[in-house]
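Visitor: I am new to this structure and should like a close look at a single part of it. Please take me through the salt bridges, one at a time, and explain how each partner is placed.

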Amino acid sequence: MVLDAVTPQTHVIFLCSPNNPTGNTLETDRIIGLLERFEGIVVVDEAYVDFSNSGSLCYLLDKYPRLIILQTFSKAFGLAGIRFGMAIAHEDIIAIFNKVKFPYNISKLTAPIVHKALDNVHLMEANVKSFAEQKKRIIEELGKLPTVRKARHPLAKTVKSRCDVENICQCIRVCCKIISISKTPVSYISQIGKFRRAPRSTVLVTVGGPRALSRVERDIQVVIITEVYTRKYDPYFYTTQLIQVEEGKYVEIRFSIWFPGAPCADEEYLEIRDGYNQSANLLGVFCGRNTSYFTLRSSGHNMWLRFSLQHRYWLEWSSSYEGKAIDETAPANLTTVAQTQFVLFNHPSSLWCPAEGGPAPHIVWRKNGAVMQNSTGVKFQLNFTEKERNANYSCEVDSNGLLQRKNISLVVEGCPEPCRCKVLKGNMRGFIRVDCERKQLRSIPQNVPRATVKLDLSKNQLKTLPPGVFNNMTWLHGLDLSYNQLEELPPEAFSHNPHLIELFLNNNKLKNLSSDQLPCRIYLFNNHTKRDLSNNQLNKLPPGVVSGIQTCPRSFIALDLSKNQLKTLPPGVFNNMTWLHGLDLSRNEIETLPPGVFKHLVRLFRLKLIKLVVDSGRFMLVVSLFTQDIW
């Protein structure tokens, strides 16, 4: 298979044997076959060879001069800190290495440590033997868990067990976490080592010392014997997490999520499902900034949580869950179901019925009285067309024998020409993203949907904004007006947009601004809340433009005023911006800085003053005040 991938441009083949992390050792006959059929260099990485029973391939060097063996003192010797490795090869290859290697590449401190290690090889061999014994112990303990199907025996240092990742981590939840890297779940026992990248449905355990191993054995036994499910804090997880309680119970979770940016507009969200994987019925989708606490219940003993890719969320520390007996019920109700919901004409949309109750109630969806869906899922998918205009939709639940029904009134939104629209799936409100970038627009399109949370009007030919043009977009989170020809903003341009935290006004022709023309919370990118006013023609900075942030200082992190025509800064202009982390005043015409202008910026660690006409002594004073990462 390797040779099938060889091309005329292939000069070197790298092999890892024993492999990390699986521990597989390549068959010697296959490596010899490569050496005999491939005309280039074959490199075999034997970093873990001391843990393998196969031994090194150094004995092949006399017969195969194109073979290079790599070994290290980082693994079995435990000397990763000295960064010492070896290349063992034919003298002709070593002669080439000597021509390109750095002189004195082994330090005076490293050399005696290596000599000491070689004089005490017996200590390394004793450690390897100890690892082998501990591997055997942990395989025996993991084998007692009912969810482990079969344990393999690769390296003495690592144990790879094929199992149901979520179930085994439930059994050893005292010391086990589930992580995800590139959609690949990996679990690890936190007391005994760092996580390792592994294939799907693989638990990888790195064996530590006997004391840590004894702790793991103790925790496993405690959980298996007691199986007590009280309210527990939600574990930290990166992408997915299965919460599982004992059979005969259902999961009740109380949680809040926190995020510093604009997650609902950026498709960053948490979804929760009624089962053990992503195909289970959807119980809810949540997004927002520092949300209130939600209570959600499953219908059985499994609940699946998944954050969207590239999310920047985390659950609040006090979020928790517990197992509740099936007969310990909470009455079903529809109090949180929105009676008016938005749908986008001729686009895939969803209706939402987030019913409350425990266990999770079955939701019956009806269209014109006919049952369309009956499950614990809160979402009803539809593609709204002209035929649907007169349809009546409702959802209902059974609450202790009493039927509760909520009739849903639809607000049909259209996508304005020539823009593109998309209903965002990461929320339960029908939020819409509208993209009008590069459409040669000279005016704002008419009838932009009221449910718009992100509106891109960049790279057009806008010169003015009509008063109140954004007033009906009360859910607007992000607005991009960059790269237009705007010369001024109307008074209170964004006063009706309380959720606006992204605003791009850079690369326009703005000359003057007043404090009532900018919203309080402005966000840009890279996790930094930021006002971007760069590349305009501002010649003065009224104090109100920045002092207006007193009501929300924590949201205001960075201010970009670069590439304008500012000649001075008013005294005290930044006094209320105590949470400011970044300030860019570069490429202006400022000749002097007022005394103490940065005095109140106690958290400022990025200050950009490139190409300012300032007194050198005063600039040196600024640098001395802020020594962290000055641009």
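**The salt bridges, partner by partner**

Guide: Glu437 is partly exposed, with a relative accessible area of 26%. The model in which this glutamate is seen is a predicted one. The partner of Glu437 is Arg438, and the closest N and O atoms of this salt bridge are 3.8 Å apart. Arg438 has a relative accessible area of 59% and is therefore exposed, since the class of exposed residues begins over 50%. Glu437, at 26%, falls in the class between 20% and 50%.

A further network may be described at this point. Glu252, Arg297, Lys324 and Glu328 are joined into one network by salt bridges that share partners. Across the whole structure, the search finds 16 salt bridges. The principle behind such pairs is a general one: side chains of opposite charge can pair when their charged atoms come close.

The next pair is formed by Lys249 and Glu246, whose side chains meet in a salt bridge with an N to O distance of 3.1 Å. Lys249 is partly exposed, with a relative accessible area of 22%. Glu246 is likewise partly exposed, its relative accessible area being 26%.

The pair of Glu413 and Arg450 deserves a longer description. The closest N and O atoms of this salt bridge are 3.9 Å apart, and the cut-off for a salt bridge is 4 Å. Glu413 belongs to strand S28, which covers residues 402-413, while Arg450 sits in the loop between strand S30 (432-435) and strand S31 (452-456); the pair therefore ties together parts that are 37 residues apart in sequence. As for accessibility, Glu413 has a relative accessible area of 7% and so counts as buried, because buried means under 20%. Arg450, at 41% relative accessibility, counts as partly exposed.

A positive surface patch completes this account of charged side chains. Arg442, Lys463, Lys509 and Lys511 form the patch, and residues of such a patch have no salt bridge. One of them, Lys511, is placed in the loop between strand S33 (502-504) and strand S34 (530-532). Lys511 is partly exposed, with a relative accessible area of 42%.

To return to the opening pair, Arg438 is exposed, whereas Glu437 is partly exposed. In the bridge that ties distant parts of the sequence, Glu413 is buried and Arg450 is partly exposed.

Note on methods
Residues numbered from 1 in each chain as written. Predicted model: local features only at pLDDT ≥ 70, side-chain atom pairs only at ≥ 80, totals over all residues. Heavy atoms only, no water. Patch = residues over 30% accessible without salt bridge, like charges linked within 9 Å, V, L, I, M, F, W, Y side chains within 5 Å. Areas by Shrake-Rupley, 256 points an atom, 1.4 Å probe, with all protein chains shown as cover. Lys, Arg positive; Asp, Glu negative; His and termini not counted. Charge placed at Lys NZ, Arg CZ, Asp CG, Glu CD. Helix = DSSP H or I, 4+ residues; strand = E, 2+ residues; numbered from the N terminus. Buried < 20%, exposed > 50% of the residue type's maximum accessible area, 1.4 Å probe, protein only.
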